[in-house]
Amino acid sequence: MAWQDQLRPASFRGVAFQVTTSNGTFGRRVVLHEYPMRDRPFVEDLGRKARALRLEAVLIGSDYMARRDALIAALEAPGSGRLVHPYFGELQVSLDESGAQVTESTDHGGMARISFGMVESGDLVFPLAQIATADAVASAATEAEVAAANAFATDFDVRQVPAFSFESALASANAALDQVEAVIQVLPALGRGRDLTWSDLAALRPQLPALLRQPLELARRLQKLYASLRGGDDARTASRALAQMADFVRRLPSLPTTTVTRQRERANQDALIAQVHGAAAIERAHGLNDVAFVDHDSAQSLRDDVIAQLDAVANLTPHDELFQALSNLRAATLRDQQQRTMSLVRLRTYTPAQTLPALVLAYDLYLDPSGEQAIVDNNALTRPGFVPGGQPVAVPGGV
């Protein structure tokens with residue numbers, strides 16, 4: 001590929017212009033220490049020097065004045081902005097203190113030259129005293145698990161029920177375990193968590209008849225089962241798996257409530273449904289801190305999904321202790337996620353002109369191929385080698 005083919009159309013804050021010359025200043029900040037009776041000085045490295053660029057922009061054509069005014073307005077706007085540099089790609093920069101110089105003349109009518117300097121711009125970040133929000137989530141999750149188990153033990157009762165009612169409760173419990181098995185069979189990315197869950201599942205099935213008569217212990221065993229999923233190698237996949245646990249309801253028959261016995265049978269089924277929903281929601285909130293996010297948008301989307309699941313469980317429970325515990329977990333989760341995502345990059349929409357690999361697109365956008373995975377994840381690309389041209393894709397780097 002010729003070097004001319006690699007040049008980008010230059011723009012600042014979306015205002016396009018042509019570039020005749022460009023120069024930049026790069027390096028490191030150092031302090032030179034020279035000591036008596038020592039021939040060689042010590043150089044103290046203080047980090048990379050701020051990258052400074054200077055551009056000679058040209059605006060040509062019958063409408064050059066309108067484009068000149070638009071570029072001046074962009075240069076005078078407060079804060080930093082996105083510069084598309086023809087040689088260095090996209091950069092977040094601010095106009096330097098020398099300002100911009102505009103040159104026009106009647107000898108060269110229909111043209112304006114604008115010379116300006118830019119310096120890379122970062123966020124103003126100071127050290128902060130912070131609460132251990134992840135520990136607060138773990139503590140709130142433990143309290144919610146205890147409250148959920150107590151609520152189940154209060155609502156579920158198979159003592160002195162007919163055999164068909166006991167068999168109905170056993171079938172519902174087995175349906176919950178069938179859902180776990182169905183999910184982990186199709187999610188190999190769970191890795192270690194998948195193996196742990198298989199082990200817990202195998203141990204739990206033969207004990208179900210006895211555990212139905214010990215509802216508190218049954219609730220704890222179900223919580224342990226879901227916690228083993230959360231302990232997997234892929235936290236995002238584990239969260240998706242836990243979200244699917246509620247689907248076991250589709251496996252359950254609709255029970256009548258025509259007699260006292262039938263009402264108890266239905267109450268036991270409802271209690272088991274509430275326990276499964278609650279345990280899955282609590283474990284999702286607990287495991288959210290283990291998900292490695294690369295951008296603000298995907299983090300916020302998953303967080304909102306987890307919060308919605310917690311809210312659904314809280315809104316249906318008649319138990320004050322469980323409602324309060326879920327509310328505390330919700331608040332702790334929101335605080336933790338706010339702290340974790342505040343520095344994450346936001347997404348923007350970009351439409352590639354032609355179909356190309358995600359690796360090439362990452363290099364074109366950032367001059368850094370490591371951005372490939374973020375492009376693949378944010379767009380759920382099944383074929384990373386073929387990002388379709390002419391179609392918008394979500395990429396990191398929103399302004």
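This is a short tour of a predicted model, stop by stop.

**Before you start**

Residues are numbered from 1 along each chain as its sequence is written, and side-chain values use heavy atoms, with hydrogens and water left out. Because the model is predicted, local features need pLDDT of at least 70 and side-chain atom pairs count only at pLDDT 80 or more, while totals for chains, interfaces and linings use all residues.

**Stop 1: the largest nonpolar core**

Select Leu-212, Tyr-226 and Met-245. These are the residues with the most contacts inside the largest nonpolar core, which has 37 residues. A nonpolar core is a set of buried Ala, Val, Leu, Ile, Met, Phe, Trp, Tyr and Cys residues joined through side-chain atoms within 4.5 Å. Buried means under 20% relative accessible area, exposed means over 50%, and partly exposed lies in between (1.4 Å probe, protein chains only). In soluble globular proteins, nonpolar side chains tend to be buried together.

Now colour the helices. Those giving two or more residues to this core are α2 (133–155), α3 (163–185), α4 (192–204), α5 (208–211), α6 (215–230), α7 (235–243) and α8 (260–287). Helices (H or I, at least four residues) and strands (E, at least two) are DSSP runs, numbered from the N terminus. Which helix gives the most to this core? That is α3, with 10 residues.

Zoom in on Leu-212. Leave aside its neighbours within four places in sequence. Leu-212 is then in contact (heavy atoms within 4.5 Å) with Phe-156, Val-158, Phe-166, Ala-169, Leu-170, Ala-173 and Leu-218.

Apart from this core lies another, of 26 residues. Select some of its members: Ala-140, Ala-144, Phe-293 and Leu-329 are among them.

**Stop 2: salt bridges**

The structure holds 15 salt bridges. A salt bridge is a side-chain nitrogen of Lys or Arg within 4 Å of a carboxyl oxygen of Asp or Glu. Visit three of them.

Begin with Glu-120 and Arg-48. Their closest N and O atoms are 2.8 Å apart. Glu-120 sits in strand β9 (residues 111–120) and Arg-48 in strand β5 (residues 42–48), so this pair links distant parts of the chain, 72 residues apart. Buried or partly exposed: what is Glu-120? Glu-120 is partly exposed, with a relative accessible area of 32%. Arg-48 is partly exposed too, at 38%.

Next, select Arg-68 and Glu-104. Here the closest N and O atoms are 2.9 Å apart. Arg-68 lies in helix α1 (residues 64–76), and Glu-104 lies in the loop between β8 (89–103) and β9, so the bridge ties together parts that are 36 residues apart in sequence. Arg-68 is buried, with a relative accessible area of 14%, whereas Glu-104 is partly exposed at 35%.

Then go to Arg-262 and Glu-265. Their side chains meet at 2.8 Å, N to O. Both are in helix α8, and they are separated by about one helical turn because they are 3 residues apart. Arg-262 is partly exposed, at 28% relative accessibility. Glu-265 is buried, at 4%.

Add Asp-69 to your selection. Salt bridges that share partners join Arg-68, Asp-69 and Glu-104 into one network.

**Stop 3: the cavities**

Rolling a probe the size of a water molecule over the atoms shows where empty space is left. On a 1 Å grid over the protein atoms alone, a cavity is a set of points where a 1.4 Å probe fits but cannot get out; a pocket is an open set with protein on both sides within 12 Å along at least five of seven lines; lining residues have an atom within 4 Å of a point. Grid points are joined across faces, edges and corners, and a volume is the space filled by probe spheres set on the points.

There are 2 cavities of 30 Å³ or more. The largest has a volume of about 50 Å³. Select its lining: Arg-230, Ala-235, Ala-238, Ser-239, Leu-242, Glu-283, Arg-284, Gly-287 and Leu-288. Helix α7 gives the most, with 4 residues.

The second largest cavity holds about 30 Å³ of space. Ala-173, Leu-177, Leu-208, Leu-218, Leu-222 and Leu-272 line it. Helices α3 and α6 each supply at least two of these residues.

**Stop 4: a pocket**

Finish at the second largest pocket, with about 670 Å³ of space. Of its 25 lining residues, the closest to its centre are Asp-5, Gln-6, Leu-7, Arg-8 and Asp-364. Helix α11 (358–366) is one of the elements supplying at least two lining residues, and α11 gives the most, with 5.
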